[in-house]
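Subject: Structure handover and notes

Hi,

Here is the structure I promised to pass on to you. Please open it alongside this message, and my notes come right after it.

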Protein chains: 2
Amino acid sequence: MQKFRVELKKTVDDSYDVRIGRNLIPELVADLKGGLTGNCKKFAVVTDTNVRELYAAPLVEQLREAGFSAELFVFPAGEKSKVRRTKEQIEDAMLEKGFRRDCCVIAAGGGVVSDLAGFVAGTFGRGVPYVNYTTSLLAAADASIGGKTAVDTDLATNLIGLIYQPKKVYIDIDTWKTLPKEHLINGLAETVKHACLADASFFSYIEDHVEDILNGVPDVCEYICEQNCRVKYEVVMKDEKEQNLREILNLGHTVGRAIETVSGYKLLHGQALSIGMTAQVNLGCRLGFLTEDERDRVIALQKRIGLPVGIPDGIDREELVKKLYTDKKVRDGKLRFVFQKGIGEVMTFGEDVYARPVAEEEIREILMQM
Amino acid sequence: MQKFRVELKKTVDDSYDVRIGRNLIPELVADLKGGLTGNCKKFAVVTDTNVRELYAAPLVEQLREAGFSAELFVFPAGEKSKVRRTKEQIEDAMLEKGFRRDCCVIAAGGGVVSDLAGFVAGTFGRGVPYVNYTTSLLAAADASIGGKTAVDTDLATNLIGLIYQPKKVYIDIDTWKTLPKEHLINGLAETVKHACLADASFFSYIEDHVEDILNGVPDVCEYICEQNCRVKYEVVMKDEKEQNLREILNLGHTVGRAIETVSGYKLLHGQALSIGMTAQVNLGCRLGFLTEDERDRVIALQKRIGLPVGIPDGIDREELVKKLYTDKKVRDGKLRFVFQKGIGEVMTFGEDVYARPVAEEEIREILMQM
């Protein structure tokens, strides 16, 4: 024998339900009793200092009342916690408490929590079941569909991680009422992005309901959440066939991620994204991908929501340009951007090509004027 | 909408070739030029201080001669390096050198290298292609088939990791001639384990060829390598259907992994496994799963090879008993062991049940007498 083939062709089914509703903790516990995660009786509830008392501690309590073993693992709230060190600390604490491969991880919180908890679940015992209970608009839009988990490093955001699917996602609209307004605003940045890339009428709906959203009118919030998930879902689903389509979700993120890092995470993700979207429509307009009116509508909507559309004082633009090269879309050392086409569509640059090479000078010029 | 289903049912093909031969670096480079890892032009060669000069540096050189970009990432040889900190250092060094998601990771070394490099590949950019060039008997047997990658923590071995399949495995028999005899002996422990659990005639072959193996007679080494891969492959393949069968590869590892940790990794993995196998046949004999003659044959073969069959001085047996509970087979706080049935088969304890609960007293008594 000089060679043999390891045959690993198989059908896998990672399908799962996304539940959108109110007061979902009892339903989550009932699902677990009904066998959502098989025979698992031991749950690691991963959360941050913001969500701990509001929802994670009650969840642990209800799990215990249902006869499960459950422990809380809490890290400091904020993007700065989304690093390998926090992942290690959670793992060590789980091991210390006797957790092994027969456990299940439940994320209770926003996007940072689900990114971290999903990554922990995906590598703990080489993968244990994972359930996502999301408590923020941003998480609903950005982190509940697609299975992306990751941490940041000094040199790159979201570059160390996994695609790891949850057993079920719960989007509890009730929890939004306890979100600080700043975080609600933050979450709307992804919503605007989704509308820009896929749905002109959804964009108009947001324009018409900014105040209702910020005031937490339930029906409006539920609709916003549904549309967010729908856009994301459709893109992620189609991407099963078209390898690169998922890149369009990266709209606005090239500059967004870079400025988030350069700001030392003083900018929230949504704030950074809004600045990134502004850079994108400015450059896109220059390149003829959308009109000045369309560009101005996007910028105006972000402003009305309360999102920043300029580069804040104290950000070194040259450092920002340098940081662009840590973007995951970089190929062969060249920057690549996704662009919206008008409002509600994205540009394509060939079959299954959604990102366009951008010369450093082109984007530097835009950034210098923002 | 209150609920919607994310459909993620699909067929995946992770099949790959295992190549067993001599002087395989030129073939590996030719395969990469032929598109083994798609369009990838940037290779991170991960290796340890032992393998660096012998094979990894020449591999990098040949990759560069072939027109690829290639960099060497070296960590100190030994199981102690198989930790999250080393993974982080490799990742940071890769990011520092400009590696992003368009790269490929090549492991060049033994089991520790492939465990670490495979884990790095599986989470870098959420997964980049990975090629395994193995330079030790142990890696050929233990790490080239099955896709298991992992690191150790203070509290558990191999508990943080992934199942991540390579694009191809190269087992270069030529490299065995530079293995220190201690490492060759170390690798034979897994070989004996494979024979014990699956193939009585292979066990006899090893008994008949101990000296040839230790002297590196090429045909004998190639045969040993083939049989190792065959046994492992058959178990891993069947496990696609029978969920628990893979546990039989854990034969001898319950005590083995624990003593490896308690020794502070002064014991090599194979040495620890040999002690674990001895504990397993002692307990199995007591429980009537194999005869005294069969038990003695296993112990005698390990001795002839040069493997330890008793617990070395300085190992605290009570600490060892406590450490058993960090084993990944532990369920509901109970120890579970896999047992061989005579020589060449494993015990089953029900349909698709290969591990038997063992009372702490049963195994303590065995360990006190070793």
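Below is what I found, taken region by region. Please keep in mind that this is a predicted model.

**Where the two chains meet**

Let me start with the interface. Chain B puts 62 residues in contact with 62 residues of chain A. Between them, the two chains bury about 6,300 Å², and 53% of that area is on carbon and sulfur atoms. Which three residues supply more of chain B's share than any other three? They are B:F4, B:L8 and B:R126, which supply 13% of the area that chain B buries against chain A.

**Helix α6 and its partners**

In chain A, I looked at how helix α6 (residues 181–198) sits against helix α7 (residues 200–214). Their axes come within 8 Å and cross at roughly 165 degrees. An angle over 145 degrees counts as roughly antiparallel, so α6(A) is roughly antiparallel to α7(A). The crossing of this pair is left-handed.

On the α6(A) side, the residues that meet α7(A) are A:K181, A:L184, A:I185, A:L188, A:T191, A:V192, A:A195, A:C196 and A:A198. Across from them, α7(A) brings A:A200, A:F202, A:F203, A:I206, A:I213 and A:L214. Sorted by class, this contact has 13 nonpolar residues, one polar and one charged.

In chain B, I followed α6 to another partner, helix α11 (residues 292–305). The axes of α6(B) and α11(B) come within 10 Å and cross at roughly 160 degrees, which makes α6(B) roughly antiparallel to α11(B). Is the crossing of α6(B) and α11(B) left-handed or right-handed? It is right-handed. Here B:I185, B:L188, B:V192 and B:C196 of α6(B) meet B:V298, B:L301, B:Q302 and B:I305 of α11(B). The class count for this contact is seven nonpolar, one polar and no charged residues.

**Two helices of chain B and what covers them**

Helix α9 (residues 253–262) of chain B is mostly covered, with ten of its ten residues buried. Among them are two charged residues, B:R257 and B:E260, along with B:H253, B:V255 and B:I259. What do the buried residues of α9(B) pack against? Their partners in chain B are the strands β9 (156–163) and β11 (336–338), together with the helices α6 (181–198), α10 (269–286), α12 (317–323) and α13 (360–368). Just after α9(B) comes B:G264, with a positive phi of about 65 degrees.

For helix α2 (residues 52–65) of chain B, the buried residues are B:Y55, B:A56, B:A57, B:L59, B:V60 and B:L63. They pack against α1, β4 (42–48), β5 (69–75), β6 (104–109) and β7 (130–134) of chain B. A glycine with positive phi follows this helix too: B:G67, near 95 degrees.

One residue ties in with this α2(B) packing. B:I106 lies in strand β6 of chain B and is buried, with a relative accessible area of 0%. Leaving aside neighbours within four places in sequence, B:I106 is in contact with B:L59 and B:L63, and also with B:L28, B:L32, B:F43, B:A44, B:V45, B:V46 and B:V131.

**Positive phi away from glycine**

Two residues of chain B may interest you if you check backbone angles. B:N23 is not a glycine, yet its phi is positive, near 55 degrees. B:N23 lies in the loop between β3 (16–21) and α1 (25–33) of chain B, and it counts as exposed because its relative accessibility is 53%. B:D352 is not a glycine either, and has a positive phi of about 60 degrees. Its place is in the loop between β11 and β12 (355–357) of chain B, and at 23% relative accessibility B:D352 counts as partly exposed.

**A loop serine in chain A**

Is A:S136 buried or exposed? A:S136 is in the loop between β7 (130–134) and α5 (137–142) of chain A, and with a relative accessible area of 10% this serine is buried. Beyond its neighbours within four places in sequence, A:S136 is in contact with A:G110, A:G111, A:T175, A:W176 and A:L179.

Happy to go through any of this with you.

Best wishes

Technical notes:
Residues are numbered from 1 along each chain as its sequence is written. Chains are lettered from A and ligands numbered from 1 in the order in which they are written. This is a predicted model: local features need pLDDT of at least 70, side-chain atom pairs count only at pLDDT 80 or more; totals for chains, interfaces and linings use all residues. Side-chain values use heavy atoms; hydrogens and water are left out. Axes are lines fitted to C-alpha atoms, for helices over the stretch in contact, and angles run from 0 to 180 degrees between N-to-C directions. Helices (H or I, at least four residues) and strands (E, at least two) are DSSP runs, numbered from the N terminus. Angles under 35 degrees count as roughly parallel, over 145 as roughly antiparallel, 65 to 115 as roughly perpendicular and the rest as oblique. A crossing is left-handed if the near helix is turned anticlockwise from the far one by less than a right angle, and right-handed if clockwise. Contact means heavy atoms within 4.5 Å. Buried means under 20% relative accessible area, exposed over 50%, partly exposed in between (1.4 Å probe, protein chains only). Buried area is the accessible area (1.4 Å probe) that two parts lose on being put together, summed over both.
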